[in-house]
Amino acid sequence: MRIKRTYLILLGCFFGFLGLAQEREYKGNPDESLLTARELAFNGKHAIAQDTLNLVLTKYPNYNDVRNLLASTYSWDGDYDEARKQFNKITSIDKKNKETWIAAIKNEIYAKEYYIALGLANKAIRYIKDDDQLTALRTEILKHTPGSIETLSEKPDENTGKSILEEKVYKNSIAISNSYDVFDKAYDPMIYSSLEYKRATKIGSIIPRINFSNRFQTNGIQYELDAYPKFSKKIYAYTNYAFSDAPTFPNHRVGAELYANLPKSIEISAGVRYLDFKTTQANIITGSLGMYRGNYYISARPYISLNKDKPVGVSGTILGRKYLKDGENYFGVMAGYGYSADLRQLRDGDELLAETILYVESQQLNLEYQFSGKKQPHLYKANLGLTRQELAYDAGNFYWAVSAGFTYYMKF
């Protein structure tokens, strides 16, 4: 008898659920419901508006104006993931819906997913060509240093009161860096440290730096200056000069490179490096080809050493990064072959082989992770690397080196 009563209760609940589902079946006018939901949403009653819009979509799943408003309300509530799902459903079908593309891009900016926003902007421009509003929005995302999303000011969005990019701009930073190398044979551990100050100006960034090293039981100091002058929104340069009278650094180091941003998020560069040692000089031609795809960046850089009475030295690196919440938070991998731009010189007995590093065989693999604090703008960067390199005084014989480093960037 008790089993029968339980069965009847469960059966009643089941039919009650079916009755409730039938009552939730949409039978109204979708256009009128959209107008009502829009008025509710703009008056701040997002939850009620979402309930109405979801009900309309049960019968009219391809009514894009309804889904677009639904996605926008999720974005205004800070539910960026759900908003992204709804926007994607529209753009996968209606690729020329400008209103949806703009709303989807702004959703990623609110979520601080700037490289996703950049990827969406690139897609939108591909389908909606020569649109000033989309082009201006993409330009704002890329306005500052390539590969790094700076904070910008913009008028608040009319629906949310939020600024598109509303974080504070920091024009100054100080960085302290330390790294440590250990070897499986031949060499004692080596220490590298640096202290730099960066100042962002209207014409580009200026970075004076002091480098310290302890190698082969020899201390050395190098004084260095980097500058990144801007010529336009798409063209900038890198210039460098360093001086040292220590035997573990070049006496003079000069570098210059010109960068250009091309369509489809491609960046190219071409430049030179000049190294002046006590006994010889080194001339190096270099350049790069890089591209952004959504949250990813990949670049390739060759080095060609052209020096009198020396064979041509060819080497290169490939860098890949996945950007996280913004352009300053990322995980990267770099693989290299041949000449290392670090110029970490070697010894042959009692002689320091400053220039030989340009010609020994070498392979490198480096991992990097840069991240910011939750409640402050400062940055932290960790590096871990593995190198296999030929002994300068014993051709064909290799050693292994493991390097680890950490850098702290303080903004103000």
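So, what covers the buried residues of α4? The cover includes α2, α3, α5 and α6. This is a predicted model, by the way, so please keep that in mind as we go. Twelve of the 13 residues of α4 are buried, so this helix is largely enclosed by the rest of the structure. Among those buried residues you'll find Asn64, Val66, Arg67, Asn68, Leu69 and Leu70, and also Tyr74 and Trp76. The length works out as well: at 1.5 Å a residue, α4 should span 18 Å, and its end C-alpha atoms are 18 Å apart, which agrees. Just after α4, have a look at glycine 78, which takes a positive phi of about 85°.

Let's turn to α2, one of the helices in that cover. It has 13 residues and reaches 18 Å from its first C-alpha to its last, close to the 18 Å expected at 1.5 Å a residue. Where do its buried residues sit around the axis? The residues in question are Pro30, Ser33, Leu34, Ala37, Leu40 and Ala41. They cover an arc of only 125° around the axis, which puts them on the same side of α2. The buried residues of α2 pack against α3 and α4. If you rotate to the face turned away from that buried side, you meet the exposed residues Glu32, Leu35 and Glu39.

Both ends of α2 are worth a moment. At the N-terminal end, asparagine 29 acts as a cap, with a side-chain oxygen 2.9 Å from the backbone nitrogen of aspartate 31. Just after α2 comes glycine 44, with a positive phi of about 85°.

Now let's zoom out to the nonpolar core. In soluble globular proteins, nonpolar side chains tend to be buried together. Here, the largest nonpolar core has 41 residues, and the members touching the most other members are Leu53, Val66, Ile105, Ile109 and Leu134. Two or more residues each come from α2, α3, α4, α5, α6, α7, α8 and β10. Which element gives the largest share? That is α7, with seven residues. To get a feel for the packing, click on leucine 53: leaving out residues up to four places away in sequence, it touches Leu34, Ala37, Val66, Leu69 and Leu70. There is also a second, separate core of eight residues, which includes Met190, Tyr192, Phe216 and Leu391.

My last stop is the strands, and a charged residue I'd like you to see. Glutamate 257 is in strand β6, residues 252-262. Is glutamate 257 buried or exposed? Its relative accessible area is 3%, and the cut-off for buried is under 20%, so glutamate 257 counts as buried. What do we find around its side chain? One polar contact, of 2.6 Å, joins it to the side chain of serine 269. Another, of 2.9 Å, joins it to the side chain of arginine 301. Not counting residues up to four places away in sequence, the residues that glutamate 257 touches include Tyr236, Tyr238, Arg273, Thr286 and Ser288.

And one more for the strand fans: tyrosine 292, in β8, residues 281-293. At 7% relative accessibility, tyrosine 292 counts as buried too. Its C-alpha lies 8.6 Å from that of glutamate 267, and the two are 25 residues apart in sequence. Thanks, everyone, and do have the structure open while we chat!

Key
Residues are numbered from 1 along each chain as its sequence is written. This is a predicted model: local features need pLDDT of at least 70, side-chain atom pairs count only at pLDDT 80 or more; totals for chains, interfaces and linings use all residues. Side-chain values use heavy atoms; hydrogens and water are left out. A nonpolar core is a set of buried Ala, Val, Leu, Ile, Met, Phe, Trp, Tyr and Cys residues joined through side-chain atoms within 4.5 Å. Buried means under 20% relative accessible area, exposed over 50%, partly exposed in between (1.4 Å probe, protein chains only). Helices (H or I, at least four residues) and strands (E, at least two) are DSSP runs, numbered from the N terminus. Contact means heavy atoms within 4.5 Å. A polar contact is a pair of N or O atoms within 3.5 Å; within protein, one must be able to donate a hydrogen and the other to accept it, and residues adjacent in sequence count only if both atoms are side-chain atoms. The expected span of a helix is 1.5 Å times one less than its number of residues. The arc is that of the directions from the helix axis to the C-beta atoms.
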